[in-house]
Amino acid sequence: MEEFGLNGRLPHGGFAVNRMGRLTLDGYDLAEIAERFGTPLYVVSEERLKRNYEELVEAFKTHYTGEAIIAYAVKANFTLAIIRVLALKGAWAETFTGPELHMALTAGVRPERILLTGACRVEAEFREALEAGVGLIVVDFPQELHRLEKVAGELGVEARVLIRVNPAMRVPTHPSIATGVRGAKFGVDIPSGQALKVFEEALALNWVKVLGIHTHIGSKIMKVKPFVEAASRLVGFVEELNGKLGFKPEYLDLGGGFGVPYKPEEFEKPFDLNLLARRVSRVITSGFKRLGLGLPKLIFEPGRRLVADAEILLARVLGVKETPTGKFIFLDASTNHLSPVLLVDQYYEMVLVNKADMEPSETVSFAGPLCFTKDIIAVNRRMPKIETGDLIAILSVGAYCKSSYMMHNAQPKPPTVMLSKHGIEMVQRGETLNDLTARDFIPPRLYHASAEPS
Ligand code: PLP
């Protein structure tokens, strides 16, 4: 196991500690960056994004003889420059809503490389997708199917479709992000025969062209086994579809969900992409061969795996507070910037940037400055002695932080800078106070009214 410094507390080799004892990312001194751009500040590594994509592509190139497509799940982080970096490497985009589709198109992803998934699309969303010429639309349930047929017929264009199925299996992850489980709101159920019926219905339509099967079993899954199980259930379903309806899938989409290590102890057993590629490819290759079918194009929709460890959040220490039960370090970042802490109890590793070479000497909790008790970012962490004005790096915040940002106490969204061999570039400006009020109107009758006596 490679260790990247700070006694194994850094998730990848892009990090180092320089001669001044400060944390660096891709060779850039993070304390200098915070000085120049202020805090809180998201910092994203272009190198890491590219490397994460290359690792996935390589794994499937090595183990799958058919075509494997990596579609970046834009929901994880829709900063345009991030989508763009991945698209330039060859990634497709998976978009879940019309607005996410807009993000991907604006970032310059070619429409034929975009998948539109979703939970319950209205006609306008399907129309927008068909007019944009998206590559594939993933249909979730019969009502959507008929809506899409109607819109495609009106436009006179063929809708290239995958149907999302639910393998109804056990998925080892946080219950709020397990989707391939019995009774979940996504997809059509395989075991009850519902999925087969929907395919039968879809194959009889005029404007919908069914090209394959989609599933996404959940997010933050640390083991390969559930994906192998999902692949094998899909092969079983293909056998049924082929036997009963003569359907031959051109695409098999296994969704995303690959976990990343957040805690130092997890760095020793990261999600094994090569094992995933080898085992999933074997199940699909042998299954399709047995059925006498040509190999399908495989699609994966990773979000977290591509972006999580490519982005950090820099935060300044605002103050240090002793209580009878422990010590709080107050930061200028909050759970607004790290909402997975509240949503799925997410752990984020904290590093003292400006004294990165110092040994831990005390146990502290990190709090944000917001007006609710649970605005706590991290609890009982062993850290070197921290003082007001110090700089903290919160690691691996690339997935689902900015994209599920909250607005408690009207805290403006921080900017994002991207690091690359071309230097440090601002890729998203921070919100201003004007941005906070820009969408509101006070009707003139209220504006000109004088305060009423109470
Ligand atoms: N695909 C679909 C349909 C999803 O709903 C999600 C996440 O919710 C993803 C892909 C990406 O998942 P992850 O970021 O865990 O890879």
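Me: Into which domains is the protein divided?

Reply: The protein splits into domain 1 (30–45 + 309–437) and domain 2 (117–302). Keep in mind that this is a predicted model.

Me: How do I read the relation between domain 1 and domain 2? What separates their centres?

Reply: Take the centres over C-alpha atoms: domain 1 and domain 2 are 36 Å apart by that count. Then look at the contacts. Eight residues of domain 1 are in contact with seven residues of domain 2. On the domain 1 side of that contact, four residues are nonpolar, two are polar and two are charged.

Me: Now the core. Which residues have the most contacts inside the largest nonpolar core?

Reply: Start with the general idea. Nonpolar side chains tend to be buried together in soluble globular proteins. Here the largest nonpolar core has 134 residues. Val43, Ile83, Ala93, Ile163, Ile392 and Ile394 have the most contacts inside it. Helix H8 gives the most to this core, with eight residues. The core draws at least three residues from each of domain 1 and domain 2.

Me: Let me zoom in on one of these. Which residues is Ile394 in contact with?

Reply: Set aside neighbours within four places in sequence. Ile394 is then in contact with Ile312, Leu313, Ala315, Ala333, Leu338, Tyr348 and Met350.

Me: Back to helix H8. How do I check its span?

Reply: Use the rise per residue, 1.5 Å. H8 has 21 residues, 225–245, so it should span 30 Å. Its end C-alpha atoms are 30 Å apart, which agrees.

Me: Which residues of H8 are buried, and what do they pack against?

Reply: The buried residues of H8 are Pro226, Phe227, Ala230, Ala231, Arg233, Leu234, Val235, Phe237, Val238 and Leu241. Arg233 is in that list, and arginine counts as charged. The packing partners are two helices and three strands: H7 (194–203) and H9 (273–290), with S9 (159–166), S11 (208–214) and S12 (251–253).

Me: What happens just after H8?

Reply: Check the backbone phi there. Gly246 takes a positive phi, about 70 degrees.

Me: Which residues have a positive phi although they are not glycines?

Reply: Two cases to look at are Lys220 and Asn380. Lys220 has a positive phi of about 60 degrees. Lys220 sits in the loop between S11 and H8. Lys220 counts as buried because it has 23 C-beta neighbours inside 10 Å, and 20 or more is the cut-off. Asn380 has a positive phi of about 50 degrees. Asn380 is found in strand S18 (residues 376–383). With 9 C-beta neighbours inside 10 Å, Asn380 counts as exposed.

Me: And omega? Where is a cis peptide bond?

Reply: Look at the bond joining Thr39 and Pro40. That peptide bond is cis, with omega about -5 degrees. Pro40 lies in the loop between helix H1 (30–37) and strand S4 (41–45).

Me: How should I compare sequence separation with distance in space? Take Leu252 and Lys297.

Reply: Read the two separations side by side. Leu252 and Lys297 are 45 residues apart along the chain, while their C-alpha atoms are separated by 6.2 Å. Now set Lys297 against Val351. Those two are 54 residues apart along the chain, and their C-alpha atoms are separated by 42 Å.

Me: Is Leu252 buried or exposed?

Reply: Buried, because Leu252 has 24 C-beta neighbours inside 10 Å. Its place is in strand S12. Beyond four places in sequence, Leu252 touches Gly212, Ile213, Leu234, Ile284, Pro296 and Leu298. Leu234 is also one of the buried residues of H8.

Me: And what about Lys297? Where is its place?

Reply: Lys297 is in strand S13 (residues 297–300). Lys297 counts as partly exposed, with 16 C-beta neighbours inside 10 Å. Leaving aside neighbours within four places in sequence, Lys297 is in contact with Gly66, Glu67, Ile69, Glu250 and Tyr251.

Me: Last, the ligand. How many residues surround it?

Reply: 17 residues surround the ligand. The closest are Ala73, Ser219, Gly256, Glu301 and Gly303. To read the character of the shell, sort its residues by type: five are nonpolar, seven polar and five charged.

Methods
Residues numbered from 1 in each chain as written. Predicted model: local features only at pLDDT ≥ 70, side-chain atom pairs only at ≥ 80, totals over all residues. Near = placed C-beta within 6 Å. Helix = DSSP H or I, 4+ residues; strand = E, 2+ residues; numbered from the N terminus. Expected span 1.5 Å × (residues − 1). Buried ≥ 20, exposed ≤ 12 C-beta atoms within 10 Å, placed from the backbone. Core = buried A, V, L, I, M, F, W, Y, C linked by C-beta atoms within 7 Å. Domains from an automatic or database assignment.
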